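The following report describes selected features of one protein structure for a reader who is new to the subject. Please keep the sequence and the model in view while reading.

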Amino acid sequence: MADLSLYRNIGIFAHVDAGKTTTTERILKLTGKIHKSGEVHDGAATTDFMEQEQERGITIQSAATTCYWKDHRMNIIDTPGHVDFTVEVYRSLKVLDGGVGVFCGSGGVEPQSETNWRYANDSEVARVIFINKLDRMGADFYRVVDQVEKVLAANPLVMVLPIGIEEDFVGVVDLLTRKAYVWDETGLPENFEITDVPADMVDKVEEYREKLIETAVEQDDDLMEAYLEGNEPSIEDIKRCIRKGTRTMDFFPTFCGSAFKNKGVQNVLDAVVDYLPNPTEVDPQELTDPDTGEATGEVALVSTDEPLKALAFKIMDDRFGALTFVRIYSGVLNKGDTILNSFTGKTERIGRMVEMHANDRNEIDRAQAGDIIAIVGMKNVQTGHTLCDPKHPCTLEPMIFPDPVISISVTPKDKGGSEKMGIAIGKMVAEDPSFYVETDEDSGETILKGMGELHLDVKVDILRRTYGVDLVVGEPQVAYRETITQEIDDSYTHKKQSGGSGQFGKIDYRIKPGAPGSGFVFSSSVVGGNVPKEFFPAVEKGFKSMMDTGTLAGFPVLDVEVELYDGGFHAVDSSAVAFEIAAKGAFRQSIPKAGAQLIEPIMSVDVFTPDDHVGDVIGDLNRRRGMMKSQEAGVTGVRIKADVPLSEMFGYIGSLRTMTSGRGQFSMEFSHYMPCPNNVAEQVIIDEKARQAAKKKK
């Protein structure tokens, strides 16, 4: 039985372009997993194995790999940095015990770093920080440490100091041992020598070392007392304290280097072993009630003696068939075992199990608590499903995914492409829970929905190249919604007499705007039995079924509260169906009276621009109805934060590149819904009605 204390399940995450994938490559090289490091800019990185990743130089889907360092087994997941693929980061963090947050030495704490950090906080994942690219122009280790404190409200525990900066960066000083690690110019990670601290850094090293020890000993009262009396604790004791504080997220050990130049990566690997928790040291996953989704109070103890509990966190389709990535929380899984999918209630037999190395794999016969593996050829398993022992059914805390904000229509160019497209899209939806597909009933068009332009762009590219489906792509559509602005009391009676027993249902109700994000809320305060209790669910069902189609332009309706307070019924003619129809009619009658309003998705936009183009960029965002939130001057340019309607952001990257001579960058993510200005709302309603009419003609 493998020793779980030697396991580390870690993820590497950061803003797009901070060097996550390059860091992963260096780790694989150092641990002997690969013999030659591939470069992202050459499209040769091990974990970026999709054509789309190699061309664009970005990570799109998280990749898993296993390697060993100092007798410790590391399961590493390299996650994407681009905001359109955040769901990959979120689901990876759900199954990890620790993480390495990579920050760019010159870019600092960038927008996606904030989102990923927030996800990691929510998932309570312990982290070490690696400030990368210190050899770049404008790099400043101390400024990034400062940003981690101010922007992320985190407590970075500085473990090493850089020797030199920008092109003079040659190595780091380890504060605990007071030793300098200096690499030569060969670029080989093993070519370094350990020397004494450079004379000009002695004072700074002592200052930061004192801070380090003071912060660490706060984790142990006895050591703290001894330290205050002038006794410095041993390095082993300090490490023990740092490990404890890292696990409780009181602070985050912070390292630095240049992954591309192979400097400083060993220190990060040592830190993963020394400070990040093994699977048994993390709070166990909670079990939930499959019907209500509420926590049951029980947990999945990380132990090989417990019954099997595992979570499927990713589905991937490749040349060998469907792969289901699984994190085993407790128990043992053997080839040939029969397991239960507690979501579907069906059992499946485990055929082949593999240990992943990006898109290569090693066959294995058994896996145990703490392992991250892939199972080949599972049917009916989706992201977030719990796999368990059929004799001990349980449900692990499920994953929640964001709703899409943008859609496009796609049609195959030839008839033969329809079936091919259907099969391909089915596989892609299983792989990516933030990617939705629906068929428009009137026009028969296939509608793809996703998290942003790049997200859908990549999906269309995969359909074209991986699956060979030639497509005609429609204009992007914004996910508008409708809501109400006023409270009204109203009454509706449904009466129908057509020989035999008729239908009768009368309801008196109050409709009012709900709190943002509340969706649909139904309550009943009927007294005296004017509407019998057994009809309440039918009234609720009737109202709820109408929320998908608003009265302005047919967009879904958000945030409405309905209270049923009176009504009437007929002893013979009243039925659940009659009250459901009454509720549907009431919705159509009352929503227009309650000040129906169109609302649009607002994106949180973060733009980086060189100093000399700030005015142009702000002017352009204002023209796009943007609301400026802040601007921060950095060493190499200015970061501007604004809230901008999604409908105004199509094709923004082209405009930004033109304005900034190709030097500007931006990222955006969904923030909230806001009312549309009247002139915009009127145009959207006209366009939507015209679109619906055109579809009916088809």
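Arg624 is found in the loop between α14 (614-623) and β35 (627-633); helices (H or I, at least four residues) and strands (E, at least two) are DSSP runs, numbered from the N terminus. The model is predicted, so local features need pLDDT of at least 70 and side-chain atom pairs count only at pLDDT 80 or more, while totals for chains, interfaces and linings use all residues. Residues are numbered from 1 along each chain as its sequence is written, and side-chain values use heavy atoms, with hydrogens and water left out.

**A buried arginine**

Is Arg624 buried or exposed? Arg624 is buried, because its relative accessible area is 11%; buried means under 20% relative accessible area, exposed over 50%, and partly exposed in between (1.4 Å probe, protein chains only). The side chain of Arg624 reaches the backbone oxygen of Glu648 at 2.6 Å. Leaving aside neighbours within four places in sequence, the residues in contact with Arg624 include Val644, Pro645, Glu648 and Tyr652, where contact means heavy atoms within 4.5 Å.

**An enclosed strand**

Strand β1 (residues 7-14) is largely enclosed by the rest of the structure, because 8 of its 8 residues are buried. Tyr7, Asn9, Gly11 and Phe13 point one way from β1, and Arg8, Ile10, Ile12 and Ala14 point the other way. Strand β1 pairs in the parallel sense with β4 (residues 98-104) over 5 bridges; two strands pair if DSSP finds at least two bridges between them. Within β4, Gly101 is the bridge partner of Phe13.

**Two open sheets**

One open sheet has 4 strands in the order β7-β8-β9-β10, with antiparallel pairing. Its edge strands, β7 (160-163) and β10 (192-196), each pair on one side only. From one strand to the next, the twist averages 25°; axes are lines fitted to C-alpha atoms, for helices over the stretch in contact, and angles run from 0 to 180 degrees between N-to-C directions.

Another open sheet of 4 strands has the order β30-β31-β33-β32, with mixed pairing. Here the edge strands are β30 (488-496) and β32 (520-524), each pairing on one side only. The twist in this sheet averages 25° from one strand to the next.

The table lists three strand pairs with their bridges and one bridge partner from each.

| Strand pair | Sense | Bridges | Residues opposite each other |
|---|---|---|---|
| β1 and β4 | parallel | 5 | Phe13 and Gly101 |
| β7 and β8 | antiparallel | 4 | Leu161 and Val173 |
| β32 and β33 | parallel | 5 | Phe522 and Val562 |

Helices accompany the mixed sheet. Helix α12 (residues 536-545) lies across β31 (503-513), β32 and β33, running at about 155° to β32. Helix α13 (residues 576-590) packs on the sheet and touches β30, β31 and β33, with its direction making about 40° with that of β31.

**A helix pair**

The axes of helix α6 (residues 202-217) and helix α7 (residues 221-228) come within 8 Å and cross at roughly 140°. That makes α6 oblique to α7, since angles under 35 degrees count as roughly parallel, over 145 as roughly antiparallel, 65 to 115 as roughly perpendicular and the rest as oblique. Helix α6 contributes Glu210, Ile213, Glu214 and Val217 to the contact, and helix α7 contributes Leu223, Met224 and Tyr227.

Note on methods: Polar contact = N/O pair within 3.5 Å; in protein donor to acceptor, adjacent residues only side chain to side chain.
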